[in-house]
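Biologist: I should like to understand how descriptive terms are justified from a structure. May we go through some of them together?

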Amino acid sequence: MKVLFICNNAFNPGNGLSMSARTTIRNLRSRGVDARLMAVRNPDASGPQPDFPLEHFVFPVFEPIIRANGFCYAKIDRRRIEEAVRWADVVHFEEALPLEWVAVNIAKKLGKPCVATFHLYPQNITANLGLRKKSLVNPILMKHWNAIVFNKCSDVQCPTEAARDYLKNSGCTARLHVISNGVRLAEEPVQHVAPPTDTLLEVLCIGRLSNEKSQQTLLRAMRHSKYADRLRLTFAGNGPKEKKYKRLAQRLFNEGTLSILPNFGFYTQQELAELARRAYLYIHCAWAEVEGLSCLEALRQGAVPIIGEGPLIGTTQFALTPKSLYPLGDSKALAERIDWWIENREEHDRMSREYAESAKKFNVEDSVGRIIEMYESAIKGE
């Protein structure tokens, strides 16, 4: 089976979509599937390159914002796209952006079956252009994505039930499959490091520092927490909001709310696993998140999560108790949840083990098996 993956940017280490695409391709290849990638060239000349490379398209006016959010657009090369599509048995789209608009029409012309993965809400894009959460642009953009890509595919992978429901309600007519992007499970049982009760407690927040990730909720929660001076916050990621969040963190430190300055930095996967293993709590503040694999990666290390609950957050599926949820954007409610987990140490340690166990339901090997079944169905025209 020959599968062509098409996405704009596949080599940004801080981009969840890029990481998911590379992971899926790697796991498909381990199953004997000839999976190849069409994307913008890797800017690291010494690193891996796409099988069908495209040049970077510099987007007028918005390029600085796009770069700050760890993304880039491909320059459309119809000859190269047709060459790649002709090679494939099935074409898998990772986005519904201009590159895919052209590629899906070429694929239909050549009679190639098409599938897609729903990775992004429209809000993940419009929020970083300064538009409001409920902007009228969002439903218009989603309708456009359906018309030009998703409804031209036989099947769409939805990482969560929330994503499936959103697509269905938006008018998507393709077959919708709830298949997690999944995580690779450790061969040995995870040994979460339980911190002593009289030391600083590590609190971890992973994600691009951008509008829709909303990390300011955690920082503002510190003014409401009884134990803020016992917490060491780590924000793992970079992005356009970094300077703003560092200034807010500095104010919290200067006023005495925090006894230690929060850490801001970009970490490798191995370093993130170590941070999660030491974390007392993992906080997920985003208001637009299709799945949130960073949360799942932290859970499998035994970190106990607190997740913002809202209509565009698939990450809430990972919560095993209401104590791991709080009303989206409510910093006072988040502080109350943080304090509760600190005051209930035995329950925290018990749930840490349960969360690590729960991650097994999202084994990437199972996800890849179901994706292969989706390809087979698309190829047969079933």
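Modeller: Certainly; please note that this is a predicted model. Let us begin with a contact: W340, W341, I342 and E343 of helix 12 meet R345, E347, H348 and M351 of helix 13.

Biologist: What kinds of residues make up the contact of helix 12 with helix 13?

Modeller: The residues of this contact comprise four nonpolar, one polar and three charged.

Biologist: Why are helix 12 and helix 13 called roughly perpendicular?

Modeller: Helix 12 (residues 331-343) and helix 13 (residues 345-358) pack at an angle of about 95 degrees, and their axes are 5 Å apart. Angles of 65 to 115 degrees count as roughly perpendicular, and the two helices are therefore described in that way.

Biologist: What makes P64 count as exposed?

Modeller: P64 lies in helix 2 (residues 63-68). Exposed means over 50% relative accessible area; P64 has 57% relative accessibility and therefore counts as exposed.

Biologist: Which residues of helix 3 are buried?

Modeller: In helix 3 (residues 78-87), the buried residues are R80, I81, A84, V85 and W87.

Biologist: How do you know that they are on the same side of helix 3?

Modeller: They cover an arc of only 155 degrees around the axis, which puts them on the same side. On the other side of helix 3, R78 and R79 are exposed.

Biologist: What covers the buried residues of helix 3?

Modeller: The covering elements include strand 1 (2-6), strand 2 (34-40), strand 3 (52-54), strand 6 (90-93) and helix 4 (98-109).

Terms used. Residues are numbered from 1 along each chain as its sequence is written. This is a predicted model: local features need pLDDT of at least 70, side-chain atom pairs count only at pLDDT 80 or more; totals for chains, interfaces and linings use all residues. Side-chain values use heavy atoms; hydrogens and water are left out. Buried means under 20% relative accessible area, exposed over 50%, partly exposed in between (1.4 Å probe, protein chains only). Helices (H or I, at least four residues) and strands (E, at least two) are DSSP runs, numbered from the N terminus. The arc is that of the directions from the helix axis to the C-beta atoms. Contact means heavy atoms within 4.5 Å. Axes are lines fitted to C-alpha atoms, for helices over the stretch in contact, and angles run from 0 to 180 degrees between N-to-C directions. Angles under 35 degrees count as roughly parallel, over 145 as roughly antiparallel, 65 to 115 as roughly perpendicular and the rest as oblique. Ala, Val, Leu, Ile, Met, Phe, Trp, Tyr, Cys and Pro count as nonpolar, Asp, Glu, Lys and Arg as charged, and the others, Gly among them, as polar.
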